[in-house]
Amino acid sequence: MDAFFAAVEQRDRPELRGLPVIVGGDPNVRGVVATCSYEARRFGIRSAMSAARARSLCPQAIFVRPRMDAYREVSRQVMTILRSYTALVEPLSLDEAFLDVTAATTDGTLAVEIAREILDRIHRETGLTASAGVSYNKLLAKLASDWRKPHGLFVIPPERGLAFLAPLPVGKLHGVGPATVKKLSAMGVETVLDLRNLSLEFLVTHFGKSGGWFYDVARAIDERPVQPSRQRKSVGTERTFSKNLADRSVMLTTLQEMAAQVAARLQVLHLAGHTVHIKARFPDFTTVTRAYTATEGIGSADAIAAWLPELLDRAVPKSTSVRLLGITMSGLVNVLAASRVAHQMNLLDGILIQG
């Protein structure tokens, strides 16, 4: 979906159309941008940016608090449309999914025709726009889906996969994060073609098991199947800093911002976690993690943030700087399922008492 949360707000509130809309937290209390309209993106505003920074880039921006129930309802509509074409739908979030339409093309129907029909139906039935990428694996389909946003459709056929990837920055590849980009850049590797020119042995030596993945994706090889039901083990985020952080108050504020991002992601997925992990990487690249496990599920930003001062003290010695910080929630439980079970147990208790 295109600028999903912001697009829903502009659809439901016509007075916001054509204006820079930011959906997220309050810029006065360390809020974070969940998403923003394309009008706001022209000012350099992006998801996960602090709301205060977004306001400084675009003072005239209109900040809107998220309405998760509204977004979930639209997501339900969209996923129903997708599943009418194939049972092999793998949702990544409320507004994004992979579809395997191999079976739907056995009668000669082209995948691009299916994608175009889906986009038309989404627009007609929800009043919102989406973009689609069509290719022969997840890696290329995902890249293609971002290529002509908003309301775009882009196809990468098998014979074009290698050529499409070659000039892209390595950071565009799935699994290649900021720290890896920096390490590759120090080796003179800037583009996917540069990465393709490295041997498997070299990549494994320098990046371990990830090196094998980098070797494959540089060659447009991605054999991950579309998985309709996927057991998520963790939800997290991390940030590598351009300059090492030494101020502990800044470290804590940064972790609190991350907690808000992770909490928003948990809410979208209807999940809570039992274990809060923080990760710290020091200037010498030594990495430590520290964790706290609760008996009940933790899902809100405040609940996650409550454990950050203690975990930070355990992870980072005083007077020590860090080059990376991260937060991950594990031991995940489905909040809706747990709520249903609790409700059923309450009903059962009531029956037993009455009996």
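What follows is a walk through a predicted model, from the whole chain down to a few individual residues.

Let's start with the big picture. The chain holds 15 helices and 11 strands. Its radius of gyration comes out at 22 Å, close to the 20 Å that the globule rule gives for 355 residues, so the chain is as compact as a globular protein of that length. If you lay the C-alpha trace along its principal axes, it spans about 65 × 60 × 50 Å. Buried residues account for 41% of the 355. As for how the fold is wired, take the contacts between residues at least 6 apart in sequence: 60% of them join residues at least 24 apart.

Now for the helix packing. Two packed helices are described by the angle between their axes and the distance between the axes. Begin close to the N terminus of the numbering, with helix 1 (4-12) and helix 4 (residues 68-83). This pair packs at an angle of about 100°, with the axes 10 Å apart. Angles from 65 to 115 degrees count as roughly perpendicular, so that is the label helix 1 and helix 4 get. On the helix 1 side, the contact is made by F4, F5, V8, E9 and R11, and helix 4 answers with M68, Y71, V74 and S75. Sorted by class, that contact has 6 nonpolar residues, 1 polar and 2 charged.

Just ahead of helix 1 sits A3, in the segment before it. Have a look at its backbone: phi is near 45°, a positive value in a residue other than glycine. A3 has 6% relative accessibility, and it counts as buried because the cut-off is under 20%.

The second helix pair is further along, where helix 10 (residues 200-207) meets helix 11 (residues 209-217). Here the angle is about 140° and the axes are 6 Å apart. Since roughly antiparallel starts over 145 degrees, helix 10 and helix 11 are classed as oblique to each other. Helix 10 passes helix 11 in a right-handed crossing. Helix 10 brings L200, L203, V204 and F207 to the contact, while K209, S210, G211, G212, F214 and Y215 come from helix 11. Those residues divide into 6 nonpolar, 3 polar and 1 charged.

Follow the chain out of helix 11 and you reach A220, in the loop that runs to strand 8 (234-245). A220 is another one to check on the backbone, with a positive phi near 65° in a residue other than glycine. A220 is buried as well, at a relative accessible area of 4%.

Helix 11 also turns up in the surroundings of helix 6. Helix 6 is mostly covered, with 7 of its 8 residues buried. The buried ones are K138, L139, L140, A141, L143, A144 and S145. What covers them includes strands, namely strand 4 (89-93), strand 5 (96-99), strand 6 (132-134) and strand 7, along with helix 7 (161-165) and helix 11. Going on from helix 6 (138-145), the loop to strand 7 (153-155) contains P150. The peptide bond leading into P150 from K149 is cis, with omega near -5°.

Two more residues are worth a stop. M258 lies in helix 12 (residues 248-269) and counts as buried at 1% relative accessibility. Its C-alpha atom is 8.8 Å from that of V32, although 226 residues separate M258 and V32 along the chain. Leaving aside neighbours within four places in sequence, M258 is in contact with T237, E238, R239, L325, G326 and I327.

F43 belongs to the loop between helix 2 (38-41) and helix 3 (51-57). With 34% relative accessibility, F43 counts as partly exposed, the band between 20% and 50%. The C-alpha atoms of F43 and L57 are separated by 6.2 Å, with their positions 14 residues apart along the chain. Again leaving aside neighbours within four places in sequence, F43 is in contact with L57, C58 and Q60.

Key
Residues numbered from 1 in each chain as written. Predicted model: local features only at pLDDT ≥ 70, side-chain atom pairs only at ≥ 80, totals over all residues. Heavy atoms only, no water. Axes fitted to C-alpha atoms, helices over the stretch in contact; angles between N-to-C directions. Helix = DSSP H or I, 4+ residues; strand = E, 2+ residues; numbered from the N terminus. Parallel < 35°, antiparallel > 145°, perpendicular 65-115°, else oblique. Left-handed = near helix turned anticlockwise from the far one by under 90°. Contact = heavy atoms within 4.5 Å. Nonpolar A, V, L, I, M, F, W, Y, C, P; charged D, E, K, R; others polar. Rg over C-alpha atoms; globule rule 2.2 N^0.38 Å. Buried < 20%, exposed > 50% of the residue type's maximum accessible area, 1.4 Å probe, protein only.
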